[in-house]
Structure formats: C-alpha cells, structure tokens
Amino acid sequence: MKKILLLISAIFIAGVFYFAYTNLSKIYPFYEQLTQEHAGTEVSLQPLAQESAHFVGSKKCIECHDDNYKEWSHSNHPKMIQDIKKNPSVVVADFSKLPSDANFLLKDAIYTVGGKFKQRFMLRKDLNGTEDYVLGNYQWNVQTQKWQGFKPWKYWYKNAYPHDNNALPTSRACDGCHFTGYMSTQTRVETGIACEACHGPASKHVKDPNSEVYQASLSDPVRQNEVCLQCHMRNRDKRLEDQNMSSIYGDARDYPMGYEPGKSLRHYKMVAPFEMGHATHEFYANGAAKKNRTQGNEFVHSMMGKHGITCINCHNPHTLEPTAQKNSGNALCMKCHSFGSLIGPHQNSLEAHTHHKADSKGSLCVECHMPKTGRHTGKSPLTVRSHMFGFTTPAETLKYGMPKETNACFACHKKDRDMKTLQNDLEKWGILSWNKL
Ligand code: HEC
Ligand code: HEC
Ligand code: HEC
Ligand code: HEC
Ligand code: HEC
Ligand code: HEC
Ligand code: HEC
Ligand code: HEC
C-alpha cells in the first residue's frame, strides 16, 4: 500500500515538473521581473550623485564603453537631428522639387529632423535672445518620395500658438525629445538621442566610475519603461492639469519638461487623454494608434504591458532591434511563448494556432498581433505597427469604426476576401469576437 502511494506521489511530482517544464520553462527566467515589488510612480529612483551632475555628451563615454557606443552609433537614435552644414549627405529630400512657395531653401536649413519616414527642416529663428528654431512649411515624405505641406500648429498646438510656422519654436514643441539634455536643462547638449537621454547626466561618473548613473533595467517594469516613454508617447503639457491653454499660450510644451531618467515621469507629463470606447484624433476607440510616437500609450493597455513585460524585453536599448528592417521574426516572440503553454498560444503547433501554413506570411506573429494601424502623416501609407499585441477581429474593427485596412486579416486578404468572409473564417476556426459572447 505504502509503495503504491509512493509511486503515485512520484508520478504526481514528475507530472508537476513536466507541466512546469513544458509550460513555464521559457517564461521562468522572467518570473522575478514579473512578480517583483513595484516602487510606485511617485518616488525618484535617480542615483543621488546625479542630482548635482551635468550633461557631458556621448564622446566622453567612448574610452570606457566602446561596445555600447558602437552599437548605439549605428542605430537611428543619434541620427534624429543632424547638422546639414557638417554633413550635407544627411539630407534625403529632393530639393530640386521643393515647391516655390516654400518658406526656406536648402541653404537656410540648419538641421534635418528624421529621415526614415519623413524629413523636416529646422531654420534658425531666435526667441527672446536665445538660440531657437522654427520648422520649414514643407516636409519630405520618404515613403511617397514627395514634398507635402507641414503646419505643426494644426495639431494639438492649435490653441497654443499663432497659426504660423514662424511663431512655433522647436524649443517648445520638439527639442526636449530630439536633442539630449534639452528636456531638463533647456540646453541643446547634443543632437539626437544620446547616452545621457536614458542614463541621465554623467559628469560625475566620467570622473569616477563608482559614481553611479541610472540604469533603467534595475528598476521595476513600470519605472523601467518610463525611460522610453518620456519620448515614445503622446502627451500634454503637465500644466494643463490645473491651468487652461490660454495661460500657457506661446509656451506650451509637447514633452515632459524637467524630466531626467530615474525621476518620476508622472510629475512632468500628462498622458494624452483617452477613454476606452471613445475615439480621439490620436487613437481609435479600442486604444490603437492612428499616428506614430504612440508605442507607450498603446503598450499600457496591453496584457503584456500590464503584466510587467517591458520595451527592452524586446528592443535592445542600444541597437534598438527589432525594427521593421532588422528583426528576428517569430524567434523574438518565441523567446517567451511556446505552443501549448500557459501563456499561449494554447494550440500545440504554429499551424494549429495561425490556420496558415508554417512558411506562410500568415504565420508571422507580428502580422496578426501588431497590425499596421497608424500613419506618419495624413498622406503616408499605413506603416505604424500597433503595440497593443492583442488581436482585433474584423467584427471589432468595424464596431470601433476603424478603417478596414487596419485589420490584420483584411490587410493581407483585401483582394480575395471581404470583412464578413474573414469574420466567418475566424468563427469556423472557433474564434469568437467579444460582441458575440
Ligand atoms: C573612465 C571610464 C568610464 C567612463 C569615461 C564612463 N564610464 Fe560608465 N562605467 C565605467 C565602469 C568601470 C562601470 C562599471 C561600474 C560598476 O560596475 O560599479 C561603468 C558603468 C556604467 C553604467 C552601468 C550603471 C552603473 O552606474 O554602474 C552605465 C549606464 C554607464 N557606465 C554609462 C556611462 C555613460 C553614459 C558614460 C559617458 C557619459 C560613461 N559611462 C562613461 C567606466 C566609465
Ligand atoms: C534609448 C536609451 C539608451 C541609450 C540612448 C543608451 N542606453 Fe545604455 N542602457 C539603456 C538601458 C535600458 C540599459 C539596461 C540594459 C539591460 O540591463 O539589459 C543600458 C545599459 C547600459 C550599460 C550597462 C550594461 C551594459 O550593456 O554594459 C552601459 C555601460 C551603457 N548602457 C552605456 C551606454 C552608453 C555609453 C551609451 C551611449 C553611447 C548608451 N548607453 C546609450 C538605455 C540606453
Ligand atoms: C529622448 C527621446 C527618446 C528616448 C528617451 C527614447 N527614444 Fe526611441 N526614438 C526617439 C526618436 C526621436 C526616434 C526616431 C529616430 C529617427 O528616426 O532617427 C526613436 C526611434 C526608436 C526606434 C526605431 C528605430 C529605427 O531604426 O527605426 C525604436 C525601436 C526605439 N526608438 C526604441 C526606444 C526604446 C526601447 C527606448 C527606451 C530604452 C527609447 N527608444 C528611448 C526618441 C527617443
Ligand atoms: C514627446 C517627445 C516628442 C516630441 C515632443 C516630438 N517628437 Fe518627433 N518623434 C518622437 C519619437 C519617439 C519618434 C519616433 C517614434 C515614432 O515615430 O513612432 C519621433 C519621430 C519623428 C519624426 C520621424 C523620424 C523619421 O526618421 O522618419 C519626425 C520628422 C519628427 N518626429 C519630428 C518632430 C517635430 C518637428 C516635432 C515638433 C513639432 C516633434 N517631432 C515633437 C518624439 C517626439
Ligand atoms: C513584445 C515585443 C515588443 C515590445 C514589448 C515592444 N516592442 Fe516595439 N517593436 C516590436 C517589433 C517586433 C517591432 C518591429 C515590427 C516590424 O515592423 O517588423 C517593433 C517596432 C517598434 C518601433 C518602430 C520601429 C521601426 O522600424 O519603425 C518603435 C519606435 C518601437 N517598437 C518602440 C517600442 C517602445 C517604446 C516600446 C515600449 C513601450 C516597445 N517598442 C515595446 C516588438 C516590441
Ligand atoms: C519577455 C517575454 C515575452 C516576449 C518576448 C513576448 N511575450 Fe507575449 N506575453 C508575455 C507574457 C508574460 C504575457 C502575459 C500572459 C498572461 O498573463 O496571460 C504575454 C501575452 C501575450 C499575448 C496575449 C495578449 C492578450 O491580450 O491576451 C499575446 C497575443 C502576445 N503575448 C503576443 C506576443 C507577440 C506577438 C510577441 C512578439 C512580438 C510576444 N508576445 C513576445 C511575455 C512575452
Ligand atoms: C493568422 C493570425 C495569427 C498569427 C499569425 C498569430 N496569431 Fe496569436 N492569436 C490569433 C488569434 C485570432 C488569437 C485569439 C484571440 C482571441 O481569442 O481573442 C490569438 C491569440 C494569441 C495568444 C493568446 C493566447 C491564446 O492562445 O489565445 C497568444 C499568446 C498568441 N496569440 C501568440 C502568438 C504568437 C507568439 C504568434 C507567432 C508564433 C502568433 N500568436 C501568431 C491570431 C494569430
Ligand atoms: C501577412 C498576411 C496574412 C495575414 C495577416 C492573414 N493571412 Fe490568411 N492567408 C495569407 C496567405 C499568403 C494565404 C495563402 C495560403 C497560406 O499561405 O496558408 C492565406 C490563406 C488564408 C485562407 C485560406 C484561403 C483559401 O482560399 O484556401 C483563409 C481562410 C485565410 N487566409 C484567412 C485569414 C484570416 C481570417 C486572417 C486573420 C486572422 C488571415 N487570413 C490573416 C496571408 C495572410
């Protein structure tokens, strides 16, 4: 009798281990991250030494962090703002086609802003005796290879500035996110997003490496993400929480002015307003983005975001991979997910989950779970991939009043199937949309 009991318990224990191994093995290394205690969003986690440090620039880091420097310098972060006079080849726009009513010529443009999806141009125009810039009234759309009008004051700055590009300084609207140091010191220490934008001011650390700088991965998931969300999120000027637009007219900021890595982001920014079920000009009613620079707003609605997965679980903070051009396909997702596992997919094979052949594009995780819902400009193609990671059925796409093209199934099947057919396909596969439950 004893022996039988022993045997039964041995089988039971082995079963538990087998279950744990097959279901939890991949997510297990993240267990500590997902279950750790959170510091809350109020306290500052910035190392003490940094409170009195100043920004020194990335060149000072090469000597000791050559590898990180190399990885970062090949990414797009340092290329966000580039000096045209230093290197004319940074211009990707075709100035021979610039419309004649443009308020600038190539020789007037000091800096390029971006160049992957669109390129804008900064023109020198000082404000109250301090170095400042305004934006050219045309931007180059890299995706369509055309010039198109650009009126930044038309968006949320509508009531914050006169309706004139020459009266909207980049110091207020842009520079906090595109130059390093400007966010907290109102000084353009370095062009682009450099080391100290994520690690904080490092003057003390470069003299004495034992003097700490901020390293986001040592904080809990919510606070870890803040270092990316200072920029990768739609905001409103924090002062609008208790003041109206007219009291900050001409000074409204589109970035969390004063923030430094490790500080409590919520003390510096107000998140762009959104209520589930109500579309805005930035988001669809289910929270999916209509525009770029919305990864943070979307990710906070996602199951992965809520359960403690972070930007840097997927993106290398220095190379930034994966990007649309450089990614490891399904391997990225399969780092944590496995078929038949607790966290899903619940089916036992790729084909059983996707209902497409294993080598079909229809079996790529991002195609269904990161559909393209947003555009870089009103005239750009849909290219901004959603960071909500759920799945939006054709019926839900219609229910939320979203364009058909933003639906993952329709995006691939617009030639051979309509929304109703695709919804029926899903139902045949046993997947019901929420409004049918
Ligand atoms: C003189 C060499 C030296 C220079 C210059 C230097 N570092 Fe460091 N850094 C170190 C050493 C050594 C460590 C490891 C310290 C430790 O483990 O206690 C380190 C650690 C770090 C860390 C990990 C977090 C920490 O505080 O331990 C970060 C982030 C970092 N450095 C960023 C930078 C940045 C950004 C710059 C340029 C602004 C820079 N470092 C310049 C030597 C240097
Ligand atoms: C976009 C934000 C960002 C930028 C820009 C950035 N880092 Fe980091 N860095 C991070 C994060 C987040 C980590 C933590 C990564 C981890 O622990 O997995 C990190 C880790 C580090 C570390 C410690 C771990 C390691 O990889 O050795 C060093 C040192 C470092 N960074 C130096 C630099 C230097 C030097 C630069 C500029 C050349 C730079 N970083 C630019 C976000 C950034
Ligand atoms: C100071 C602002 C700022 C911070 C902080 C920041 N980013 Fe960025 N990020 C940008 C801007 C601006 C771009 C566009 C760069 C360009 O097109 O040249 C960008 C681009 C990217 C890209 C696309 C790269 C490509 O090749 O297309 C990724 C991915 C990314 N960031 C991830 C992160 C992550 C992860 C963090 C946090 C560890 C982070 N960023 C922190 C401003 C920032
Ligand atoms: C809160 C931070 C923030 C502010 C303020 C901001 N941006 Fe950006 N911008 C970003 C981030 C992050 C990205 C990259 C991520 C994305 O596009 O989804 C980006 C992308 C861009 C790009 C596309 C880059 C490329 O390579 O195609 C351009 C151009 C741009 N911004 C111009 C501007 C201008 C002009 C302003 C001011 C009117 C501005 N931005 C204000 C954070 C900001
Ligand atoms: C679960 C993994 C995952 C997480 C978490 C994640 N991303 Fe991404 N992200 C991706 C993948 C994959 C792509 C590229 C998809 C493609 O186009 O093939 C991407 C694309 C991007 C891009 C556009 C890159 C390009 O090529 O234009 C930006 C910017 C970005 N992510 C920022 C962020 C930020 C900021 C966070 C945190 C709020 C974040 N991501 C969290 C997987 C992730
Ligand atoms: C670092 C680990 C990690 C990576 C990498 C990762 N995931 Fe997840 N994912 C999780 C965890 C943890 C959950 C939450 C599971 C739960 O609580 O049920 C989750 C949940 C999900 C869900 C369910 C969401 C919902 O709303 O129900 C989807 C879909 C998903 N992930 C897709 C992806 C895709 C697509 C990728 C690759 C681009 C990816 N994941 C990469 C850890 C990860
Ligand atoms: C052809 C579209 C499609 C592809 C490709 C796809 N999924 Fe899914 N996925 C779905 C649908 C549909 C659901 C179910 C959504 C629901 O029931 O609300 C789902 C659900 C999930 C879930 C939630 C748990 C579950 O099983 O319901 C996870 C996790 C997940 N997928 C991960 C992945 C990963 C990882 C990949 C890539 C290996 C992937 N998916 C590829 C369509 C797809
Ligand atoms: C990234 C592109 C892509 C996405 C996303 C995608 N499919 Fe497909 N689908 C394909 C391709 C390519 C085929 C051709 C057969 C194959 O590769 O399996 C196909 C085949 C099919 C078939 C079989 C058609 C036939 O005539 O035999 C159905 C049904 C289908 N898809 C429905 C869907 C549904 C429903 C969704 C959304 C959950 C979806 N697909 C998402 C690309 C995609």
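**Close-up 1. Polar contacts between lysine 116, asparagine 327, arginine 385 and ligand 5 in the predicted model.** A polar atom in the side chain of lysine 116 lies 3.0 Å from an oxygen atom of ligand 5, and a polar side-chain atom of arginine 385 is likewise placed 3.0 Å from an oxygen atom of this ligand. In the side chain of asparagine 327, an N or O atom is found 3.2 Å from an oxygen atom of ligand 5. Two elements, helix 10 (295-299) and helix 12 (311-314), give two or more residues to the shell around ligand 5.

**Close-up 2. The residue shell around ligand 5.** Ligand 5 is surrounded by 22 residues, of which Cys311, Cys314, His315, Ala324 and His387 come nearest. Sorted by class, this shell holds twelve nonpolar and eight polar residues, together with two charged ones.

**Close-up 3. Histidine 307 and histidine 337 beside ligand 6.** The side chain of histidine 307 has an N or O atom 2.5 Å from an oxygen atom of ligand 6, whereas for histidine 337 a polar side-chain atom lies 2.8 Å from a nitrogen atom of the ligand. Residues of the shell around ligand 6 come in twos or more from helix 11 (303-306), helix 12, helix 13 (330-334) and helix 15 (365-369).

**Close-up 4. The residue shell around ligand 6.** Around ligand 6 there are 17 residues, and the closest are Met304, His307, Cys333, Cys336 and His337. The shell divides into 13 nonpolar and four polar residues, with no charged residue present.

Note on methods:
Residues are numbered from 1 along each chain as its sequence is written. Chains are lettered from A and ligands numbered from 1 in the order in which they are written. This is a predicted model: local features need pLDDT of at least 70, side-chain atom pairs count only at pLDDT 80 or more; totals for chains, interfaces and linings use all residues. Side-chain values use heavy atoms; hydrogens and water are left out. A residue is near a molecule or strand if one of its heavy atoms lies within 4 Å of it. A polar contact is a pair of N or O atoms within 3.5 Å; within protein, one must be able to donate a hydrogen and the other to accept it, and residues adjacent in sequence count only if both atoms are side-chain atoms. Helices (H or I, at least four residues) and strands (E, at least two) are DSSP runs, numbered from the N terminus. Ala, Val, Leu, Ile, Met, Phe, Trp, Tyr, Cys and Pro count as nonpolar, Asp, Glu, Lys and Arg as charged, and the others, Gly among them, as polar.
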